[in-house]
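Student: I have a new structure to look at. Can you walk me through it?
Tutor: Sure, let's open it up.

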Amino acid sequence: MDEKQLMKDFCLVSGLDAQQAEGWKPLVLGCWEELRLRLRPAVQPQAHRERLSLACAALAHYRLQRMQGEVYSGIKVGDISLTAGSGQQSEAMVLEMVSDLLDSAGVCVQGVGIYSPKR
């Protein structure tokens, strides 16, 4: 993925100018690496570069806001819009933007023991 595109989308989503965003480049690139590693094996990143770049930008922005104590409760993909929230937003909601491209085979579901009295 083109770093310039990732940073451009991060600026678009975050509202930061290019100079301000440059300090957050490691965060953006880290989010891209995380997304890239979670892609299903058959997915070609270049074929979905726009969606993946926006998802990366949204994820990086969410993490930035979480670090700064401000979290958004909604992110819309089409005409990008962010809605301020109370901090209940989760990364899972951000990742829904590209959930069809992500590999879910590594999901671990924790079981709950059921108590059965002896008869």
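**Salt bridges and the fold**

Tutor: Start with a contact between charges: Glu34 and Arg63 form a salt bridge, and their closest N and O atoms are 2.8 Å apart. Keep in mind that this is a predicted model.

Student: Which helices do Glu34 and Arg63 lie in?
Tutor: Glu34 is in helix H3, while Arg63 is in helix H4, residues 49–68. The two parts are 29 residues apart in sequence, so the pair ties them together.

Student: What about cover? Is Arg63 buried or exposed?
Tutor: Arg63 is buried, because its relative accessible area is 14% and the cut-off for buried is under 20%. Glu34 is partly exposed, at 26%.

Student: How many salt bridges are there?
Tutor: The count comes to four. Another one links Arg51 and Asp100, with the closest N and O atoms 2.5 Å apart.

Student: Where do Arg51 and Asp100 lie?
Tutor: Arg51 lies in helix H4, and Asp100 is in the segment after helix H5 (91–95). Parts 49 residues apart in sequence are tied together by this pair.

Student: And how exposed are those two?
Tutor: Arg51 is partly exposed, with a relative accessible area of 33%. Asp100 is partly exposed too, at 39%.

Student: Which residue does Glu33 form a salt bridge with?
Tutor: Its partner is Arg36. The closest N and O atoms of Glu33 and Arg36 are 2.4 Å apart.

Student: Where does that pair sit?
Tutor: Both residues are in helix H3, which covers residues 25–38. Glu33 and Arg36 are three residues apart, about one turn of the helix. Glu33 is partly exposed at 33% relative accessible area, and Arg36 is partly exposed at 36%.

Student: Okay, step back. How many helices and strands does the protein chain have?
Tutor: Five helices and two strands. Reading from the N terminus, the order is α-α-α-α-β-β-α.

Student: So what comes after the two strands?
Tutor: A helix ends the run.

Student: How much of the chain is buried?
Tutor: Of the 119 residues in the protein chain, 33% are buried. The chain exposes about 7,900 Å², and carbon and sulfur atoms supply 52% of that area.

Student: What about contacts between residues far apart in sequence?
Tutor: Take the contacts in the protein chain with a separation of 6 or more. Residues 24 or more positions apart account for 61% of them.

Student: Change of topic: cysteines. How many disulfides does the structure hold?
Tutor: Zero. Cys31 is in no disulfide, and the nearest cysteine sulfur, on Cys56, is 5.5 Å away.

Student: Why does that distance rule one out for Cys31?
Tutor: A disulfide needs two cysteine sulfur atoms within 2.5 Å. The sulfur of Cys56 is 5.5 Å from that of Cys31, so the pair does not qualify.

Student: Is Cys31 buried or exposed?
Tutor: Cys31 is buried, at 0% relative accessibility. Cys11 counts as buried as well, with a relative accessible area of 17%.

Student: One last spot. Where is Val13 found?
Tutor: Val13 belongs to helix H1, residues 3–14.

Student: Buried or exposed, that Val13?
Tutor: Buried, because its relative accessible area is 7%, and buried means under 20%.

Student: How far is Val13 from Leu59?
Tutor: Their C-alpha atoms are separated by 9.8 Å. Along the chain, Val13 and Leu59 are 46 residues apart.

Methods. Residues are numbered from 1 along each chain as its sequence is written. This is a predicted model: local features need pLDDT of at least 70, side-chain atom pairs count only at pLDDT 80 or more; totals for chains, interfaces and linings use all residues. Side-chain values use heavy atoms; hydrogens and water are left out. Buried means under 20% relative accessible area, exposed over 50%, partly exposed in between (1.4 Å probe, protein chains only). Helices (H or I, at least four residues) and strands (E, at least two) are DSSP runs, numbered from the N terminus. Contact means heavy atoms within 4.5 Å. Accessible areas come from the Shrake-Rupley method with a 1.4 Å probe; for residues, only the protein chains shown count as cover. A salt bridge is a side-chain nitrogen of Lys or Arg within 4 Å of a carboxyl oxygen of Asp or Glu.
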